[in-house]
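Please work through the exercises below with the sequence and the coordinates open beside you. Each task is followed by a solution that goes step by step.

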Amino acid sequence: MKKQVRKRSEGTSSSMLEECCALCRLSDDDPALFGEKVTLKEHKLSVHYFCLLTSSGIYQRGEEDEGVFGFLVDDIRQESRRSARLKCFGCKKKGACIGCCVKSCKKTVHFPCGRKQKFIFQYTGLFPSYCSDHSPTQSVSLDLSLPQSCSVCLDSLDPVLSYSILKCPACHGSWFHRDCVQRQAHSAGFFFFRCTLCNNKESFQEEMLRMGIYIPERDASWEMEANAYSELLVVYTRCDALTCVCNNGRTHTAKSGWFEVIRCRLCGSRGTHRKCSGLKVDTSDWACSDCTQATDGKASLIASPQGGQRRTLLSKRPLSTIHSPISCKRLAVSVGTVEELLQSLSSQLRPVSVQVEVSGDEALAAGLALVRRNDFDPSNTLSVRFKDDDQQCLYPSILGDGATAQQHFLKLLVQQIQDSVVFEGPEGSKNLALDSQALREDLYFDVGCLLALSLVHGGPPPSFFSHALYQCLFNHPPNSPLTVTHMTPDTHFTRQVSVIAMAESLEDLKEAASASWEFLQLAGCNRPISSLEERDVVVEDLVSFTMITRMQLPLQRFREGLQTLGVFDQVQLFPSVFCSVLCNTVRLTAQTVTRLFTVQFSQQEVRLSRETAAITFWRHFLLESEVGRTSVSLQDLLHFATGAEELPAAGLLPPPSLSFLHPLSCSQTGAEEEEMGQVGKEGWREEGLFPRSQPSSNHLLLPITSSYQSFKSSMDQAISHHMHLLSTGR
């Protein structure tokens with residue numbers, strides 16, 4: 001009997017442990033204060049959402065449907081083990097998983113204890129936490145003449161800004177208890193959370209996020225209740241006439257005719273059969289007696305609710321400039337460089353190679369043949385071969401390995417895509433062109449796929465998208481209207497819109513519209529024009545039709561092609577970062593090359609002094625190459641050192657580096673000679689006169705010379721000779 005009681009007791013204890021949060025050790029379940037409490041019975045694990053978000057050592061590494069909102073179960077257990085050694089600043093018990101983000105501060109707490117100790121947890125960015133000594137404070141001017149009560153619960157409060165008392169930054173009379181405004185945010189959600197007094201949303205949400213208020217990224221709770229507004233869908237179908245003559249009763253309504261119930265056009269809560277109120281059989285405009293009395297018998301003069309100015313229904317709410325507060329907590333929350341973002345995509349590439357044979361310089365034809373294969377897999381590595389008309393291999397040759405051939409192929413591919421029929425406009429600022437044959441052949445999808453393939457496989461930056469095309473694809477910058485200047489210059493449509501836009505009088509506007517009536521009719525804008533003020537609206541509609549409406553299918557297929565290897569999604573996440581790669585021409589500069597190469601200095605002081613002088617020569621040489629004072633260009637130097645004709649958008653791997661070639665001298669020891677490769681003294685002097693490169697490892701060896709002129713001459717000769725051999729080898 002005792003054993004049974006013990007087992008029952010142990011089972012109850014185990015059940016209680018399962019109900020407790022694995023991180024804070026509490027079983028409280030208050031979504032507004034602790035976040036949603038999730039229990040995984042199969043793993044015997046419970047955890048609060050806020051405990052996960054604020055914990056210092058855990059990040060979302062899974063998909064949203066894995067573990068607990070992307071936090072993997074193994075990671076949660078690992079975080080629990082990590083925090084088991086840390087003592088809480090509040091309760092003095094172990095298991096504190098949250099630390100103050102100020103490096104010099106050693107305070108750690110459980111999440112509930114952190115609330116008691118006035119910690120501020122920011123639910124945005126990298127989710128930092130601050131103790132009371134380092135937490136942000138409000139600095140809003142006070143106006144004590146206004147009522148000092150909580151704008152949510154209406155209870156009185158002391159007008160002193162503190163951890164538990166917050167104030168709206170946009171007005172001077174809205175005060176809140178922290179718990180009250182947190183519960184309001186939890187109920188209202190991201191779209192409806194705003195100041196209860198001044199109705200400000202943008203600056204109010206920014207301030208509340210800074211002060212540690214969690215704003216859930218969802219609709220308001222009252223919007224998500226099942227059948228919350230079902231009564232609004234019920235149509236009133238009862239005859240309220242004094243005498244109903246319908247044989248089927250007051251609730252009967254026909255689809256038309258004498259016994260169709262028509263509703264009051266003002267209140268909608270009264271109805272009548274036409275026959276019962278002596279109306280005509282085609283009458284649809286009727287007002288009940290209550291509304292007629294309220295309007296002094298002039299109900300027929302009141303404008304119809306549908307007769308006013310229409311409002312667009314494209315957007316449920318105006319877009320906010322506030323970024324979504326939290327969708328996820330991931331280690332790579334901060335925006336990286338383009339190179340880092342593309343390198344994260346290149347991890348999908350596999351060592352399995354696919355053969356790409358290019359006839360002459362027909363890179364686009366070879367690329368289209370590649371993506372149209374039935375077994376095409378974009379994650380396969382490219383193995384490129386150039387052939388002439390006799391099917392003889394031209395490239396790679398002794399001057400270039402497979403990686404160099406791939407770089408050359410991707411460079412030609414991007415150039416030929418820019419010049420293809422799917423794009424129009426000046427060099428470096430291309431819009432999508434509407435081409436029926438390209439639509440039939442699905443060329444827009446293929447070109448988008450090839451551009452994505454080039455970016456991830458180490459191709460050069462495209463740099464030819466117009467800002468208008470970039471905005472149409474990725475909505476960046478957001479909510480910026482397109483204008484005539486965004487249209488492709490010197491096209492028939494652009495000239496027509498420009499004439500309308502330049503009209504300075506009503507007569508000029510009507511004349512321009514009349515001359516372009518076919519275009520206006522095609523765009524759905526062929527309407528009577530009564531004032532000059534309508535010009536801007538007509539122009540805006542025409543621009544939108546020309547660049548968006550008629551281009552819907554090409555834009556859609558081009559986007560779908562760009563989704564290859566996840567490129568489109570990555571650009572959509574970080575549009576401002578990728579804009580410089582897709583829209584702006586990237587020019588190679590001396591500063592760029594200087595930052596590109598990591599210098600590997602020697603440990604010996606004698607050599608170090610010579611290498612320091614050589615680096616000075618190197619930087620001077622780069623500056624002169626940039627302005628054309630040397631016989632080689634920066635592109636030639638880059639090709640000599642790395643084999644790349646242009647800097648890839650994804651960066652060079654491995655990262656380029658440079659070291660030094662030291663000539664032998666009488667003062668050098670035998671150990672130094674052995675370190676240099678045990679070559680003869682005269683032989684080393686001969687090699688040391690010129691730079692050497694190792695393109696496979698992106699490594700450049702600079703010569704050590706006594707003067708800049710000798711260094712410049714050495715670099716010029718070696719790189720010029722390399723480029724000459726390369727051109728003849730092709």
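The exercises that follow concern a predicted model, and they treat salt bridges, a sheet, backbone geometry and a charged surface patch.

**Exercise 1. Salt bridges**

Task: Find how many salt bridges the whole structure holds, and determine for the pair Arg61 and Asp75 which parts of the chain are tied together.

Solution. A search of the whole structure gives 17 salt bridges. In one of these, the side chains of Arg61 and Asp75 meet with an N to O distance of 2.8 Å, which lies within the 4 Å that the criterion allows. Arg61 belongs to the loop between helix 3 (49-54) and helix 4 (73-83), whereas Asp75 belongs to helix 4, so the contact ties together parts that are 14 residues apart in sequence. The next step is to assign the exposure of each partner, where buried means under 20% relative accessible area and exposed means over 50%. With 59%, Arg61 is exposed, while Asp75, with 16%, is buried.

**Exercise 2. A bridge inside a helix and one between loops**

Task: Describe where the partners lie in the pair Arg210 and Glu207, and then in the pair Glu260 and Arg274.

Solution. Take Arg210 and Glu207 to begin with: their closest N and O atoms are 2.9 Å apart, and they form a salt bridge. Both residues lie in helix 7 (residues 202-210), at a separation of three residues, which is about one turn of the helix. Arg210 is partly exposed at 32% relative accessible area, and Glu207 is buried at 12%.
Turning to the other pair, Glu260 and Arg274 form a salt bridge whose closest N and O atoms are 2.9 Å apart. This pair links distant parts of the chain, with Glu260 in the loop between helix 7 and strand 9 (261-263) and Arg274 in the loop between strand 10 (271-273) and helix 8 (289-294), 14 residues apart. Arg274 is buried, its relative accessibility being 6%. As a final step, consider shared partners: Asp442, Arg557 and Glu560 are joined into one network by salt bridges of this kind.

**Exercise 3. The sheet with strand 17**

Task: Work out in which order the four strands of the open sheet are arranged, and which strands stand at its edges.

Solution. The order in this open sheet is 16-17-19-18, and the pairing is mixed. Strand 16 (598-599) and strand 18 (692-694) are the edge strands; each has a single partner strand, so one side of each is left without a neighbour in the sheet. Next, follow the individual pairings. Strand 16 pairs with strand 17 (residues 657-661) in the parallel sense over two bridges, where Thr598 stands opposite Ser657 and Val599 has Leu658 as its bridge partner. Strand 17 also runs parallel to strand 19 (residues 699-703), to which five bridges join it, and here Ser659 stands opposite Leu701. The last step concerns burial: five of the five residues of strand 17 are buried, so this strand is largely enclosed by the rest of the structure.

**Exercise 4. Backbone geometry**

Task: Locate the cis peptide bond that leads to Pro477 and the one that leads to Pro654, and then examine the phi values of Asn199 and Asp490.

Solution. The bond from His476 to Pro477 is cis, with omega near -5°, and Pro477 is in the loop between helix 14 (467-474) and helix 15 (492-501). The bond from Leu653 to Pro654 is likewise cis, with omega near -5°, and Pro654 is placed in the loop between helix 24 (634-642) and strand 17. For the phi values, Asn199 shows a positive value near 65° although it is a residue other than glycine. Asn199 sits in the loop between helix 6 and helix 7 and is partly exposed at 49% relative accessibility. Asp490, which is not a glycine, has a positive phi of about 60°; it lies in the loop between helix 14 and helix 15 and is exposed at 69% relative accessible area.

**Exercise 5. A charged patch**

Task: Identify which residues form the negative surface patch, and decide whether Glu507 is buried or exposed.

Solution. The negative patch is formed by Glu504, Glu507, Asp508 and Glu511. Of these, Glu507 is found in helix 16 (residues 506-515), and because its relative accessibility is 56%, Glu507 counts as exposed.

Definitions and conventions:
Residues are numbered from 1 along each chain as its sequence is written. This is a predicted model: local features need pLDDT of at least 70, side-chain atom pairs count only at pLDDT 80 or more; totals for chains, interfaces and linings use all residues. Side-chain values use heavy atoms; hydrogens and water are left out. Patches are made of residues with over 30% relative accessible area and no salt bridge: like charges are joined within 9 Å, nonpolar side chains (Val, Leu, Ile, Met, Phe, Trp, Tyr) within 5 Å. Accessible areas come from the Shrake-Rupley method with a 1.4 Å probe; for residues, only the protein chains shown count as cover. Lys and Arg count as positive and Asp and Glu as negative; His and the chain ends are not counted. The place of a charge is taken as NZ of Lys, CZ of Arg, CG of Asp or CD of Glu. Buried means under 20% relative accessible area, exposed over 50%, partly exposed in between (1.4 Å probe, protein chains only). Two strands pair if DSSP finds at least two bridges between them.
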